[in-house]
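Colleague: I should like to go through this model with you, one point at a time. Could you set out the reasoning behind each answer?

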Amino acid sequence: MSIPENQQSVFSKQVHPVKQVVICLIALIAVMGVAKLAFPMETLADRAAYWEIAFAILMGYALFNSIFSLSYHDKTVYFRDSILCFIGLAAAGGFLAWYFSGLTMDEAGSFRWLYFVFGFSYLVFISIVNLMRKIIEIAKKQDARLRGEQ
């Protein structure tokens, strides 16, 4: 039984990192805009919510970007573009959080440290996914060799 074209697995789709970051930026602006209109954020702790939104979108990008890296053919270009898009999204999220909240990252709390942790975690996560992919490729080659298919 074959899978219909419109119901492909997420593991077989090739979504470029630029497309992913554009979707994340649209979501970031939409969520922050709705929060600005719907909730009166007057206290310092409430206004820090914009920074939390920015980091939530950034972590979502890191997760989905790592998953989509499994099926992408040109790994070198994908990882280069992914890391550049991650840096761009982090900068854009920081700017938008500052713009909507009026708080710098130091005034909002320990968000400077979170940038470091998220950046490091993203690099570790994408490296683990890439390592898993390499191990699967080696296992497939070994299996083919044992069956005499080469």
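The exchange below takes up the fold, the core, selected residues and the salt bridges of this predicted model.

Colleague: In what order do the elements of the chain run from the N terminus on?

Modeller: The chain has six helices and zero strands. Read from the N terminus on, the order is therefore α-α-α-α-α-α.

Colleague: What percentage of the contacts between residues at least 6 apart in sequence join residues at least 24 apart?

Modeller: One example of a pair far apart in sequence is isoleucine 57 and alanine 90, which are separated by 33 residues but lie 9.3 Å apart in space, C-alpha to C-alpha. For the chain, counting contacts between residues at least 6 apart, the share that joins residues at least 24 apart is 81%.

Colleague: Which helix gives the largest share of the largest nonpolar core?

Modeller: This core has 36 residues, and those with the most contacts inside it are Met32, Tyr50, Trp51 and Tyr61. Two or more residues each come from helix 1 (17–38), helix 3, helix 4 (75–101), helix 5 (105–108) and helix 6. The largest share amounts to 11 residues and comes from helix 3.

Colleague: Which residues does tyrosine 50 contact, leaving aside its neighbours within four places in sequence?

Modeller: Tyrosine 50 is among the residues with the most contacts inside the largest nonpolar core. With its neighbours within four places in sequence left aside, its contacts are Met32, Ala35, Lys36, Met41, Ala97, Phe100 and Ser101.

Colleague: Is isoleucine 57 buried or exposed?

Modeller: Isoleucine 57 lies in helix 3. Beyond its neighbours within four places in sequence, it is in contact with Cys24, Ala27, Leu28 and Leu89. Its relative accessible area is 17%, and the cut-off for burial is under 20%, so isoleucine 57 is buried.

Colleague: Which backbone oxygen does the side chain of serine 66 reach?

Modeller: Serine 66 lies in helix 3 (residues 49–68) and is buried, with a relative accessible area of 0%. Not counting residues up to four places away in sequence, serine 66 touches Tyr122, Phe125, Ile126 and Val129. At 2.9 Å, its side chain reaches the backbone oxygen of alanine 62.

Colleague: How many salt bridges does the structure hold?

Modeller: One of them links arginine 112 with aspartate 106, their closest N and O atoms being 2.8 Å apart; aspartate 106 is partly exposed, at a relative accessible area of 48%. The total for the structure is four.

Colleague: In the salt bridge between aspartate 81 and arginine 80, which residue is buried?

Modeller: The side chains of these two residues meet at 3.1 Å, N to O. Arginine 80 has a relative accessible area of 47%, so it counts as partly exposed. With a relative accessible area of 13%, the buried residue is aspartate 81.

Colleague: By about how many helical turns are glutamate 137 and arginine 133 separated?

Modeller: The side chains of glutamate 137 and arginine 133 meet in a salt bridge at 2.6 Å, N to O. Glutamate 137 is partly exposed, with a relative accessible area of 29%, whereas arginine 133 is buried at 17%. Because they are four residues apart in helix 6 (residues 111–147), the separation of glutamate 137 and arginine 133 is about one helical turn.

Colleague: What percentage of the accessible area exposed by the chain do carbon and sulfur atoms supply?

Modeller: Buried residues make up 35% of the 150 residues in the chain. The chain exposes about 9600 Å², and the part supplied by carbon and sulfur atoms is 69%.

Technical notes: Residues are numbered from 1 along each chain as its sequence is written. This is a predicted model: local features need pLDDT of at least 70, side-chain atom pairs count only at pLDDT 80 or more; totals for chains, interfaces and linings use all residues. Side-chain values use heavy atoms; hydrogens and water are left out. Buried means under 20% relative accessible area, exposed over 50%, partly exposed in between (1.4 Å probe, protein chains only). A polar contact is a pair of N or O atoms within 3.5 Å; within protein, one must be able to donate a hydrogen and the other to accept it, and residues adjacent in sequence count only if both atoms are side-chain atoms. Contact means heavy atoms within 4.5 Å. A nonpolar core is a set of buried Ala, Val, Leu, Ile, Met, Phe, Trp, Tyr and Cys residues joined through side-chain atoms within 4.5 Å. Accessible areas come from the Shrake-Rupley method with a 1.4 Å probe; for residues, only the protein chains shown count as cover.
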